[in-house]
2 protein chains.
Amino acid sequence: MSSENNDSILKLERFLPYRLSILSNKVSSLVADIYKDKFAISITEWRIMAVLGEYPDISADEISAKTQIEKSILSRSVSKLLKRKLIERDMAEDDKRRSVIRLSTTGKSVYDEIVPLSYEYERALLKCFTKEEQAQFSALIDQLYEHASSLQI
Amino acid sequence: MSSENNDSILKLERFLPYRLSILSNKVSSLVADIYKDKFAISITEWRIMAVLGEYPDISADEISAKTQIEKSILSRSVSKLLKRKLIERDMAEDDKRRSVIRLSTTGKSVYDEIVPLSYEYERALLKCFTKEEQAQFSALIDQLYEHASSLQI
DNA sequence: CTAAATTGGTTGCCATTGCAACTATTAGCT
DNA sequence: AGCTAATAGTTGCAATGGCAACCAATTTAG
């Protein structure tokens, strides 16, 4: 008999943070491939375009708040998207620090192509759940996220 | 009335891949802080140590299979752990390509300290669920992961 | 009104990531 | 045996991430 009791070993493959990370990577890398292959766009860039599709004419800071993208990464991604003319930027009249960003015409057309693909992918993903399970899973994610946030210092 | 129908806008904050990514990042960054603050160890390094705690004397390739860590990243992490004497490595007798890796005495003692912390964190996380919800969530994760894997080419 | 603090955004720098090319060893074929 | 393919692991390199320092504009406090 081993001197170990069960608690002294960690079953990594059943450890929740690990499982979430693996699941998220799998799910995200599949979307990333779609965006990258068809539009040469990264997940980060897509997220920026996604919020701009929903909320036009917002500042970098507001994008950062909505997407959780760190501001230096955001700044560099915005530069790239500007160079590729997928977005446009002005400075706010009333506050010359604040930028005002929106999708360009090209950007909007790319956005309009990606949105249905994204929904289709999500639908395909959720096919493995019943409607009820979908609702459960969604609620549990929100619940856990809420709780995890409260654990932070 | 807008000319847009609802499908032409993507609500990023309700998009499953995005939500999973945000949740996973939150959960992982909390653990990462614990490991980093107390043991100056990264998540990647911890995962390597975790499988070695469970399966001593396995090869880098087997670690890679169990943790999903890409082999170049694994190689560099193993070098670091060797330098810090948290793990030990020999080459297999029967196959001089294959390494045989295990936790060192120091590594084992670090492992023995981290394991209960990890379980405690997981327990704290899951506090927001009833036993039933825990089981549901766990099952749904497995189900979705399985399904997502099948979507891959 | 002015000095200090705050805010929005950019940049420098270093660590991490991940693909691809490479070395060394072993396995498979004929 | 001898040649080719596959496998284990390392390394080069370019892209990405993220902290911290920084600049400029604005707000706040005295």
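Let's start at DNA strand D, keeping in mind that this is a predicted model. There are 21 residues around this strand, and the ones that come nearest are Arg76(A), Lys80(A), Asp61(B), Arg89(B) and Ser99(B). Of the strand D atoms that come within 4 Å of the protein, 56% belong to sugar and phosphate.

Now for some individual side chains. Which part of DNA strand D does a polar side-chain atom of Ser99(B) approach? It is a phosphate oxygen, at 2.4 Å. Arg89(B) also places a polar side-chain atom by a phosphate oxygen, 2.5 Å away. With Arg97(B), the partner is a base oxygen, and the distance is 2.6 Å.

If you'd like to find this surface by its elements, look for helix 4 (71–83) of chain A, plus helix 3 (60–67) and helix 4 (71–83) of chain B; these are the ones giving two or more residues to it. As for the character of the surface near strand D, 13 residues are charged, six are polar and two are nonpolar.

Let's move inside the protein. The largest nonpolar core holds 88 residues. Trp46, Phe137 and Leu144, in chain A and in chain B, have the most contacts within that core. Take Trp46(A): among the residues it touches are Tyr35(A), Ile41(A), Tyr111(A) and, from the other chain, Leu10(B).

Finally, how do the two chains relate? A turn of 180° with a shift of 0.0 Å along the axis lays chain B on chain A, with an RMSD of 0.1 Å. That is the relation of a two-fold axis. And because 100% of the interface residues of chain B are interface residues in chain A too, the copies meet through the same surface.

Notes
Residues are numbered from 1 along each chain as its sequence is written. Chains are lettered from A and ligands numbered from 1 in the order in which they are written. This is a predicted model: local features need pLDDT of at least 70, side-chain atom pairs count only at pLDDT 80 or more; totals for chains, interfaces and linings use all residues. Side-chain values use heavy atoms; hydrogens and water are left out. A residue is near a molecule or strand if one of its heavy atoms lies within 4 Å of it. A polar contact is a pair of N or O atoms within 3.5 Å; within protein, one must be able to donate a hydrogen and the other to accept it, and residues adjacent in sequence count only if both atoms are side-chain atoms. Helices (H or I, at least four residues) and strands (E, at least two) are DSSP runs, numbered from the N terminus. Ala, Val, Leu, Ile, Met, Phe, Trp, Tyr, Cys and Pro count as nonpolar, Asp, Glu, Lys and Arg as charged, and the others, Gly among them, as polar. A nonpolar core is a set of buried Ala, Val, Leu, Ile, Met, Phe, Trp, Tyr and Cys residues joined through side-chain atoms within 4.5 Å. Buried means under 20% relative accessible area, exposed over 50%, partly exposed in between (1.4 Å probe, protein chains only). Contact means heavy atoms within 4.5 Å. Copies are superposed by least squares on the C-alpha atoms of residues with pLDDT of at least 70 in both. Lists of a residue's contacts leave out its neighbours within four places in sequence.
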